[in-house]
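User: Please go through this model with me, from the overall fold down to single side chains. Short answers will do.

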Amino acid sequence: MSILLGILVGLALPVQTSVNNKLRDKVGTPYNSSLVSFIISTVFLACLLLVTGQGFHLPMDQLAGEPFWVWLGGLCGVVFLTANVILLTKLGSAETVILPVLGQLLMGLLVDSLGLFRAQQIPLTPLRAGGAVLVLAGVMVVAWSGQSAAQGQRPAGKLWLWRIVGVAAGMFSATQTAINGHLGQVVGSPLTASMVSFLVGLAALVVLCAVLRVKQGPPTLGQGRFPWWTWTGGLLGAVYVLANIYLSGILGTGMTVIILLVGATAGGAVIDHFGLLGAAQKSLTVRKVVGILGMLAGAA
């Protein structure tokens, strides 16, 4: 049931990406889109805390004895989000997908194998390593499927620095999963841990957007009416982070990352096939199906 939940929540990730892209057209910049999304996520989590009777109490006596990194999950999420925005213009869509996935898989396996961030230690066996390679191969097949020769061309120059940034961004994402998973155990509530993560990320985005506004001036806002679902990205993001915290305590960081990736890749292929949420329509090819099946085999 946990694996099924992870796949279902992973399906929501490309939906959130499409929704936030639409929100970007409304609020002017991807950074403002992320800020609005984080605000909605924080409000949604606050409502859940009130409805469930948990309130906003933090066990500061327990947190005082924890290392400083328990507060950095939200910052890791902001770094991952911002890096993806930049990488898309530097490397193109295929490498922007593949390189962070490579970083997520590497860091997820490192966290499990070494017990980093006080995660449960799970030895790296040849079978686990082979499964991770198979998942990565499946992502590569799906990401490059349908890429024409013209799309595959890149401007000449040294791109390895940006590729390293892409891998590092994925490692930050897996680090966020591990940190928030431990934070959830410390505070005794995935909801409270999610709230802390989003509050820290929100504070960082407020500072970032304020600096950009001073340097670049106010953004140009989109005109006309936008569909109601333009504002739902924050809800999906909150559910995604909440599921990360819950599942990492059951499956471990590496397995949680892999299961969510399977769901996200499959969901992205479905959105492209039907052209949902304003995405450009790209038919589901045999090659994409083979890539997704390969990811499922690797996860298994």
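User: How many helices and how many strands does the secondary structure of the chain come to?
Analyst: This is a predicted model. Read along the sequence, the pattern is α-α-α-α-α-α-α-α-α-α-α-α. The chain thus comes to zero strands and twelve helices.

User: What is the radius of gyration of the chain?
Analyst: The C-alpha trace spans about 60 × 55 × 35 Å along its principal axes. For 300 residues the globule rule gives 19 Å, and the chain is close to that, so it is as compact as a globular protein of that length. Its radius of gyration is 19 Å.

User: Which residue forms an aromatic pair with tryptophan 69?
Analyst: Two aromatic pairs turn up in a search of the whole structure. In the one with tryptophan 69, the planes are 80 degrees apart and the centres 5.2 Å apart, which is edge-to-face because the angle is over 60 degrees. The partner of tryptophan 69 is phenylalanine 117.

User: How many residues apart in sequence are the parts that this pair ties together?
Analyst: Tryptophan 69 lies in the loop between helix H3 (60–63) and helix H4 (73–91). Phenylalanine 117 lies in the loop between helix H5 (93–114) and helix H6 (126–144), so the pair links parts whose separation in sequence is 48 residues.

User: Is tryptophan 69 buried or exposed?
Analyst: Its relative accessibility is 14%. Buried means under 20%, so tryptophan 69 counts as buried.

User: Which residues does glycine 115 touch, not counting those up to four places away in sequence?
Analyst: Glycine 115 lies in the loop between H5 and H6. It is partly exposed, with a relative accessible area of 22%. The residues it touches are Leu110 and Gln121.

How values were computed
Residues are numbered from 1 along each chain as its sequence is written. This is a predicted model: local features need pLDDT of at least 70, side-chain atom pairs count only at pLDDT 80 or more; totals for chains, interfaces and linings use all residues. Side-chain values use heavy atoms; hydrogens and water are left out. Rings of Phe, Tyr and Trp (its six-membered ring) pair if their centres lie within 6.5 Å; planes under 30 degrees apart count as stacked, over 60 as edge-to-face and the rest as tilted. Helices (H or I, at least four residues) and strands (E, at least two) are DSSP runs, numbered from the N terminus. Buried means under 20% relative accessible area, exposed over 50%, partly exposed in between (1.4 Å probe, protein chains only). Contact means heavy atoms within 4.5 Å. The radius of gyration is taken over C-alpha atoms; the globule rule is 2.2 Å times the number of residues to the power 0.38.
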